[in-house]
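Visitor: Please take a close look at a single loop residue, and then work outwards from there to the packing around it. I would like the cut-offs spelled out as you go.

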Amino acid sequence: MRITRRTFVAAPAEDVWKLACDFSLWHPKLAHYTGGPETSAELVVTVVERDDAAMSLRYTMPEPPFSIVDHTATITVRDNGHSTAYVTWEADVDAAPEQQDELEDKLGDDVFDVALDQLATTAQDAQVPSR
């Protein structure tokens, strides 16, 4: 099954991309796994592919908090012109059919939508000149 969420961000795509690559700057529950000491994040991800030219980041979650297997997610940032970006966050997961509606709510709405709102807010706040 594929879960997808999208949002527009009122900030240049390059700026949004820089933020998207570092979950610790905008996502309260995710951290990159680097093979080092334990992190305090609730969820840890392993980046499997990062393409700066295409502004695309693909990752897996070694220990997902949901009953899923073969989790792969991709965050893509596109230039939408006029200093705006279009961000897509998709996850492909294997889950039992009876879990799909719950995953759509919990992963799509409670994780992706909430985090995309935070990414947008963080990127937009960075565009406001300090006084």
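**I68 and the core**

Guide: Leaving aside its neighbours within four places in sequence, I68 is in contact (heavy atoms within 4.5 Å) with V93, D94, A95 and L103. This is a predicted model, in which local features need pLDDT of at least 70 and side-chain atom pairs count only at pLDDT 80 or more, while totals for chains, interfaces and linings use all residues. Residues are numbered from 1 along each chain as its sequence is written, and side-chain values use heavy atoms, with hydrogens and water left out.

I68 lies in the loop between β4 and β5, where helices (H or I, at least four residues) and strands (E, at least two) are DSSP runs numbered from the N terminus. With a relative accessible area of 9%, I68 is buried; buried means under 20% relative accessible area, exposed over 50%, and partly exposed in between, for a 1.4 Å probe and protein chains only. One of its partners, A95, is 27 residues away in sequence, yet the two C-alpha atoms are 5.1 Å apart.

From that loop we can step into strand β5, where H71 is found. H71 is buried as well, its relative accessible area being 6%, and beyond its neighbours within four places in sequence it is in contact with Y59, T60, M61, A91, D92 and V93. Y59 in turn, with the same sequence neighbours set aside, has contacts that include H71, W89 and F112, along with F23 and V45.

Y59 also leads to the largest nonpolar core, that is, a set of buried Ala, Val, Leu, Ile, Met, Phe, Trp, Tyr and Cys residues joined through side-chain atoms within 4.5 Å. This core has 35 residues, and those touching the most other members are V16, Y59, V77 and W89. At least two residues each are supplied by β1 (2-9), α1 (13-20), β4 (56-60), β5 (69-79), β6 (85-94) and α2 (100-127), and the largest share, nine residues, comes from α2.

The two helices can be followed further, since the axes of α1 and α2 come within 10 Å and cross at roughly 125°; axes here are lines fitted to C-alpha atoms, for helices over the stretch in contact, and angles run from 0 to 180 degrees between N-to-C directions. The helices α1 and α2 are therefore oblique to each other, given that angles under 35 degrees count as roughly parallel, over 145 as roughly antiparallel, 65 to 115 as roughly perpendicular and the rest as oblique. Their contact is made by D15, V16, L19 and A20 on the α1 side and by L119, T122, A123 and Q127 on the α2 side.

Two other loop residues deserve a look for their backbone. Most residues other than glycine have a negative phi. M55, in the loop between β3 (43-51) and β4, has a positive phi near 50°, and it is buried at 13% relative accessible area. S83, in the loop between β5 and β6, has a positive phi of about 55°, but at 48% relative accessibility S83 counts as partly exposed.

As for the whole, the protein comes to two helices and six strands, running β-α-β-β-β-β-β-α from the N terminus. Of its 131 residues, 36% count as buried, and among contacts between residues at least 6 apart in sequence, 54% join residues at least 24 apart.
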